[in-house]
Amino acid sequence: MAKNLNADLHSLLLKKSPFPEVSMQELVRQIKGRKVAEKKFPFLNRENIIFPPNLNLEQASSQDTAEYKAQFFKGEKFIDLTCGFGIDAFFLSQNFSEITLIEQNSELLEIVKHNWEVLGREANFINQKLEHFLENNTERFNLIYLDPARRDNHNRKVFLLEDLSPNLIEIQEQLSEISDEILIKLSPLIDLQHLVSSLQNISKIWIIAVKNEVKEVLVHIKKSEIEVEISCVNLQSKKSEFNFKLNDEKNCKSDFSEPEKYIYIPNNSVLKSGAFNLISEKFQLKKLHPNSHLYTSGNLINEFSGRIFEAAEINPKEIKKGEKYNIITKNYPLKPEEIKKKYKIKDGGENYLIFSQSQKNKHILKAKLL
């Protein structure tokens, strides 16, 4: 297979399989899987690993996010109620003695079982619907993990907790009866206020981004007297995590200013959290505008959880035709494509143009990323 990793897959599909018992479609699927594994889960980029259909690869967590989650949990009994391709289960279960994996898709579960044998890991593999397992189960577990399906019967994406499969609101009491700790992976588009108001005993919420793209929202349920903690994470970044208590934002307010020497743009995981005033107060920054979520200061704040630019106001006439800029727009009437067309500039280069507005004026800032 290795020699065909960079082959034209469409051409391969037109050829006859060299193995009578394996179709060319299946061989191409395995080549695609190996190519995905190179970047998404490199621990599976090895011989004798079997890959599932592309949809299962897309829905699986990356190795980066799975390894990040695994560091927070340990115990005796771990169960994954929605195993899928088993990436999260493989890493989360490493600090547990007994592992149980539930998956309703028998073909997918056989693939996971084969791969775990190749990797030298043991587990109890159960081909069953989650609901049926919960009805008959009498065991208790130290940690339950689940990643509910986010598509309805017509394959349309859904985001409300009650529309997921399983319905988390309906089964949360059942889950709490068999474990004191529950970990749930949710869509990056989930509404945090809806989440907090719908599920009981939330202890912590992680908003996990990789290279500034929010990949998932992770919810830890555990009976606790402490206030819900939010942790904004940007993996593959040198920036520190941004942590706060859920009610901290309500007790903060922002000051406003015209652009100063430094401009700050929070990581997307921080923006997802909605802690817009807390950002201003924690880092002693001023906002340009209530709706811009751009921050500024005269002094450099290196600890900021996001991108920092050194910037200066420019006159639009200073923008020369054909120059290259990376364009950022925040609360500005024109979109990046319209700006490029208006000023006849191109994407790229080291310099940035930031288009935004303060409470008093519109601004064009020429900026350099620090």
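**Sheets, helices and cores of the predicted chain**

Strand β10 (residues 262-266) is joined to strand β13 (residues 306-313) by 5 bridges, and the two run antiparallel. Strands here count as a pair if DSSP finds at least two bridges between them, while helices (H or I, at least four residues) and strands (E, at least two) are DSSP runs numbered from the N terminus. Within this pairing, I265 has R307 of β13 as its bridge partner. On β10 there are also 3 bridges to strand β12 (residues 295-297), again antiparallel, and here Y262 is matched with S297. Strand β10 is mostly covered, with 5 of its 5 residues buried; buried means under 20% relative accessible area, exposed over 50%, and partly exposed in between (1.4 Å probe, protein chains only). Y262, Y264 and P266 point one way from the strand, I263 and I265 point the other way, and all are buried.

A word on the basis of these values is useful here. The model is predicted, so local features need pLDDT of at least 70 and side-chain atom pairs count only at pLDDT 80 or more, whereas totals for chains, interfaces and linings use all residues. Residues are numbered from 1 along each chain as its sequence is written, and side-chain values use heavy atoms, with hydrogens and water left out.

Taken as a whole, the chain holds 12 helices and 16 strands, and its C-alpha trace spans about 70 × 60 × 35 Å along the principal axes. Of its 370 residues, 48% count as buried. Contact means heavy atoms within 4.5 Å; among contacts with a separation of 6 or more, 62% come from residues 24 or more positions apart.

Next comes an open sheet of 9 strands, which has mixed pairing and the order β3-β2-β1-β4-β5-β7-β6-β8-β9. Its edges are β3 (124-126) and β9 (242-245); each has a single partner strand, so one side of each is left without a neighbour in the sheet. From one strand to the next, the twist averages 15°. Axes are lines fitted to C-alpha atoms, for helices over the stretch in contact, and angles run from 0 to 180 degrees between N-to-C directions. At one edge, strand β8 (residues 229-235) is joined to β9 by 4 bridges in an antiparallel arrangement, with E229 standing opposite K245. Helix α6 (residues 106-119) packs on the sheet, where it touches β2 (96-102) and β3, and its direction makes about 165° with that of β3. Helix α8 (residues 168-178) lies across β4 (143-146) and β5 (181-186), running at about 155° to β4.

The nonpolar cores can be described alongside these elements. A nonpolar core is a set of buried Ala, Val, Leu, Ile, Met, Phe, Trp, Tyr and Cys residues joined through side-chain atoms within 4.5 Å. The largest has 47 residues, of which L81, L146, I184, L186, L195, I205 and F242 touch the most other members. Apart from it lies another core, of 38 residues, including Y68, F73, L119 and L218. Leaving aside neighbours within four places in sequence, L146 is in contact with residues including L81, L130, L168, I171, L175 and I184. Helix α4 (residues 63-70) has 6 of its 8 residues buried, so it is largely enclosed by the rest of the structure. Those buried residues are Q63, T65, A66, Y68, K69 and A70.

Turning to later residues, β14 (324-329) and β15 (346-357) pair in the parallel sense over 6 bridges, and N326 has Y352 as its bridge partner. The chain crosses from β14 through α12 to β15, and this β-α-β crossover is left-handed; a right-handed one is defined by a path from the first strand over the helix to the second that runs clockwise with the strands pointing away from the viewer. Strand β15 also pairs with β16, in the antiparallel sense and over 7 bridges, including one between F355 and I364. These two strands form a hairpin with 4 residues between them.

Helix α12 (residues 336-343) has I339, K340 and Y343 buried. They cover an arc of only 100° around the axis (taken from the directions from the helix axis to the C-beta atoms), which puts them on the same side of α12. Their cover includes β14, β15 and β16 (362-369). The face turned away from this buried side carries the exposed residues E337, K341 and K342. After α12 comes K344, whose phi is positive, near 55°.
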